[in-house]
Every structure is written in C-alpha cells, then in structure tokens.
Amino acid sequence: MTFRGRLVMLIAAAPILAVAVLTAPVAPPQPLGWEPQIVTASGPVTPATSARYGPSAAPSAVSSLVRSVRRALPHGIGSERGLQVQTIRVKRAISARFPQIREIGGVRPDAMKWHPQGLAIDVIIPDYDTTAGRALGDRIARFALNNVKRFGLEHVIWQRIYHPAKGKPRLMRDLGDDDANHYTHVHIATYGGGLPTGREHYFD
Ligand SMILES: [Zn+2]
C-alpha cells in the first residue's frame, strides 16, 4: 500500500476510534466512602510522611500508586485494641489534625454497645472548661460531623448535645457531671466496619 493509501485508511478509521473512546466504559471516580481507602498490601508498609501534619516517625515504604491516592495516617494517640476499622480511622485522622489532643479513649465496659464493641472513641479535651478548650471540642465535633460518609459516622456527643449522623441534634438529659454530660470529651461513634485483620492501612 502506498503512503497515500495508508493515510486514507487512517483518516477513515479516525471517527471509529473517536467513537470507541467516547463510548468506552469510564471507571467512576472513587467515592469518598470507607471501602476504597482501606488498601491491603502484602509487603511491609509504614506511614507516609505528611507535609500537612509534619513528619511521621517512620520512613515511607508505601508504593507510589498508593501514595498518589491517599496519605497514610500514622497510629497517633490512644490504644486501638478492640476498635473496629472505621473507628480506628477517625481516631487516627483526629490525632493527625489536632496535635493538642493527648488522650483518646477507646474500648471500655459500658452499658451501651459503642465502647465495648469498638465503635466509639472519647477524645479528651485539655482544659475543657476554658474558651480555648470549648473551641477545640467544637472544631473536633464539627470535623467529624462534616465527614459523615468518610468516617462511617453514626453519632457525635459533645456538651450534652447528641448529634446523629443523619437528623437533628438534641439535648440529652442531665446525667449529673461533666464527664457523663460529655463536657470533658467529644464522643465519636462509627458503624464500625468490622475488626481489623492486621493487613489494613488507613488513609487520610
Ligand atoms: Zn464515649
């Protein structure tokens, strides 16, 4: 075939190629839900350094593919023993964003299911009875409530107000003291997502 002949064939094929590209199934964008963000890998993976939150202790060994999607969250404050994966993720995200936080409670005996089943954390607010403490608690509660889907959030309790993930906040009955009334800590509960297998990586 002559060069001219090949050119004619290419020109003739061009619209077909264009149609094929246009009608090819396009992968939907990754939703911001929980599932796509647990990335399982077989090799050892350490948390990536986050420019936003300052350097983490360990050097990064996350594959470039994973790193380009999400930044890994370091363990952060508080024990993860018995926590379900969505609860672990919100704990790590709050640890990373709010360095003022020094204590986060997790699994403990309680009449309600949230803490015993690893569904809730208590973010202890330093100087909770000061203006700065109240403002910090407000920011943490708002951060959780602004990310309902991302964290699989079920509810938040802060300063006696129960905030369901869906629906209107309501004032809870007075339980007698600042701890029970959630003035000392922000209680954050998730749907859980199951207990970790040990192969999870948590991304911001
Ligand atoms: Zn709690």
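In this predicted model, residues 24 or more positions apart account for 58% of the protein chain's contacts with a separation of 6 or more. Let's see which pieces of the chain come together.

**The parts list**

The protein chain has 5 helices and 6 strands. If you walk along the sequence, you meet them in the pattern α-α-α-β-β-α-α-β-β-β-β. The chain has 204 residues, and 29% of them count as buried.

**The sheet**

How are the strands ordered in the open sheet? The order of the 6 strands is S1-S2-S6-S3-S4-S5, and the pairing is antiparallel. S1 and S5 (170–171) are the edge strands, each pairing on one side only.

Here are some of the pairings:

| Strand | Partner | Bridges |
|---|---|---|
| S1 (residues 104–105) | S2 | 2 bridges, antiparallel |
| S2 | S6 (residues 185–190) | 5 bridges, antiparallel |
| S3 (residues 153–158) | S4 (residues 161–164) | 4 bridges, antiparallel |

You can pick out single residue pairs too. Ile104 has Val123 in S2 as its bridge partner. Ile121 sits opposite Ile188 in S6, and Trp158 faces Ile161 in S4.

Is S2 mostly covered or mostly open? Strand S2 (residues 120–124) is mostly covered, with 4 of its 5 residues buried.

**Helices on the sheet**

Now for the helices that pack here. Helix H4 (residues 131–145) lies across S2, S3, S4 and S6, and runs at about 165° to S3. Which strands does helix H3 touch? Helix H3 (residues 85–97) packs on the sheet and touches S1, S2 and S6, and its direction makes about 20° with that of S2.

**The core**

In soluble globular proteins, nonpolar side chains tend to be buried together. In this model, the largest nonpolar core has 32 residues, and those touching the most other members are Val90, Val123, Ile140, Ala144, Val156, Val186 and Ile188. At least two residues of this core come from each of H3, S2, H4, S3 and S6. H3 gives the largest share, 6 residues.

Val186 makes a nice close-up. What does Val186 contact once its neighbours within four places in sequence are left aside? The list is Val123, Ile125, Gly137, Ile140, Ala141, Val156 and Trp158. Two names in that list have already turned up in the pairings: Val123 is the bridge partner of Ile104, and Trp158 stands opposite Ile161.

Note on methods
Residues are numbered from 1 along each chain as its sequence is written. This is a predicted model: local features need pLDDT of at least 70, side-chain atom pairs count only at pLDDT 80 or more; totals for chains, interfaces and linings use all residues. A residue is buried if 20 or more other C-beta atoms lie within 10 Å of its own, exposed if 12 or fewer, and partly exposed in between; C-beta atoms are placed from the backbone. Two residues are in contact if their C-beta atoms, placed from the backbone, lie within 7 Å. Two strands pair if DSSP finds at least two bridges between them. Axes are lines fitted to C-alpha atoms, for helices over the stretch in contact, and angles run from 0 to 180 degrees between N-to-C directions. A nonpolar core is a set of buried Ala, Val, Leu, Ile, Met, Phe, Trp, Tyr and Cys residues joined through C-beta atoms within 7 Å.
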